[in-house]
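Colleague: Please give me a close look at the aromatic contacts. Start with the ring cluster, then follow the aromatic side chains into the sheet.

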Amino acid sequence: MDELPGQEHLAFTKWAIEKGIEINGIAPARFPGRRLGMIATKTIEEGEIMLTVPQTAMLSIDSIPSSFVDLFPEGASVHGILAAYLTHGDAKALKEIDAWRNVWPNWQELEDSTPILWPTHLRRSNSAFEDEDNSSTPSLLPPSVSGLWNSFEKVPVDINYDTRYQNMLAQEEKRLRHAWEQVLSVFPKTEWKTFAYYWLIINSRSFYYISPGKGEPEDWNDAIAMVPYADYFNHEDNAACEVRFDHIDYTFRATRRYEKGSEVYMSYGAHSNDFLFVEYGFFLDKNESDSIYLDDIISQDLTTTDKKELVHQGCFGNFEVTETGVSSGIETAACLKYMSKRDFRIYIEGRSKRAFDAGKSAEVIRGWIGVYLEECERTMEIIGSMLEKLGGSRRRSGGEKWEKSRLEVLLCRWGQIKQICEKATSAVGQGK
């Protein structure tokens, strides 16, 4: 059963209505064992609009004074400017959104769930800001998050390509540090913790937004705005909620019937659990979009010539694995392990399949997945050992309890990754 969310949430609901936000049959609620979410306060029929948020109620680059925006150099991060405004904006103007700010997670809540705020030994990654003295510490985060491995030494790929869903913690740290440097150039006395708090709030609670009459920004991370009340929705991969933004309003429409008392979700997008973990501080028990990547494993097993061949054919990188199998790029790369370059080109160009051997391809791919499975087992063993040491303490401090909780989260995530490896291994070669 849901629990009352608290007076601050009731005050925020009143504020939202005064701002022109139309709320129909939904309200914030606490769900035992989980975070705050949205509950149906009545039966909601399929096709019914549950929430409408006008542009005038949003926090965007268009809603803050141009005089403030103009303080920053051209090309400055929109994300950083919004965080700077929440940190240094006009006190009277910011007071007007106090009812909204009062329902945001506090620093401790962010620190509990967000890997970027965890202590170094729990969040070791290949970030440029990583402490070199920490290089002997095992990496406990998944490779898609950390860019590191415990079971083998990663070799340089030496090929530039978009890896949005890999090395994610390093990418997030780079964006935060860059925004921090920009705000310091305008407000030199900015407190790091305050700015980082607002940057992370925006990062985890923003929606897609493009200024009216303008095109997509060069950096997709800058196509953002904060949408009050809509940020109560929790994520479900195939949520029965249609979300539309027409540069005037955000509307949220039910695509099936919701019974009174049920939780109402929206989809944040088809993202892996590692992405959800880094960006939002949670991951799903069941996620149809969950995946891992074999880029580092395949790169160390191919020659430079092989990698250049894949680049030439437009199929290098983002070698994705799901429970149902592997991407076509992985299948293509596997052919290079037993075909001559001539046969490979004839095959990839569709002129002849004579050189293709399904059995050999499956064997190569299972070997690559097997390397990832070894990483799972080794890292789960490390985390298990750390938990055993904490469990042996008769009286645990608050910090030890916190660490135990984080380690249990990591162990759970590694268990999911192990399952992906095992199921993908079984799926490889089937139906061919």
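**Aromatic contacts, from cluster to sheet**

Modeller: One aromatic cluster is built from Phe12, Trp15, Trp100, Trp104, Tyr197, Tyr198, Tyr229 and Tyr232. The model is predicted: local features need pLDDT of at least 70 and side-chain atom pairs 80 or more, while totals for chains, interfaces and linings use all residues. Numbering starts from 1 along each chain as its sequence is written, and side-chain values use heavy atoms, without hydrogens or water.

Now the pairs. The structure has 33 aromatic pairs (Phe, Tyr or six-membered Trp rings, centres within 6.5 Å; stacked with planes under 30 degrees apart, edge-to-face over 60, tilted for the rest). One of them joins two cluster members, Trp104 and Tyr198. Their rings meet edge-to-face, with 6.5 Å centre to centre and 80° between the planes. Trp104 sits in the loop between helix 5 (98–101) and helix 6 (107–113), and Tyr198 sits in helix 10 (residues 192–205), so this contact ties together parts 94 residues apart in sequence. Helices (H or I, at least four residues) and strands (E, at least two) are DSSP runs, numbered from the N terminus.

How accessible are these two rings' residues, Trp104 and Tyr198? Trp104 has 6% relative accessibility and is buried (under 20%; exposed is over 50%, partly exposed in between; 1.4 Å probe, protein chains only). Tyr198 is also buried, at 12%.

Set against that the pair of Tyr347 and Phe356. Its ring centres are 5.4 Å apart and its planes stand at 5°, so this pair is stacked. Both partners are partly exposed: Tyr347 has a relative accessible area of 22%, and Phe356 has 27%. Thus the edge-to-face example has two buried residues, whereas the stacked example has two partly exposed ones.

Next, the sheet. It is open, has 4 strands in the order 1-4-9-8, and pairs antiparallel (two strands pair if DSSP finds at least two bridges between them). Strand 1 (22–23) and strand 8 (241–245) are the edges. Each has a single partner strand, so one side of each lacks a neighbour in the sheet. In the order, strand 9 stands between strand 4 and strand 8.

Take the strand 4 side. Strand 4 (residues 49–54) runs antiparallel to strand 9 (residues 249–254), and 5 bridges join them. Leu51 is opposite Phe252 in strand 9. Pro54 has Asp249 of strand 9 as its bridge partner.

Now the strand 8 side. Strand 8 also pairs with strand 9 in the antiparallel sense, over 5 bridges. Here Val243 stands opposite Phe252. Phe252 therefore has Leu51 across from it on one side and Val243 on the other, following the strand order 4-9-8.

Which residues of strand 9 lie on its covered face? They are Tyr250, Phe252 and Ala254. Two aromatic residues, Tyr250 and Phe252, are thus on the covered face. Asp249, Thr251 and Arg253 make up the uncovered face. Asp249, the partner of Pro54, belongs to that uncovered face.

Last, the turn. Strand 8 and strand 9 form a hairpin with 3 residues between the strands. In this hairpin His247 takes a positive phi near 70°.
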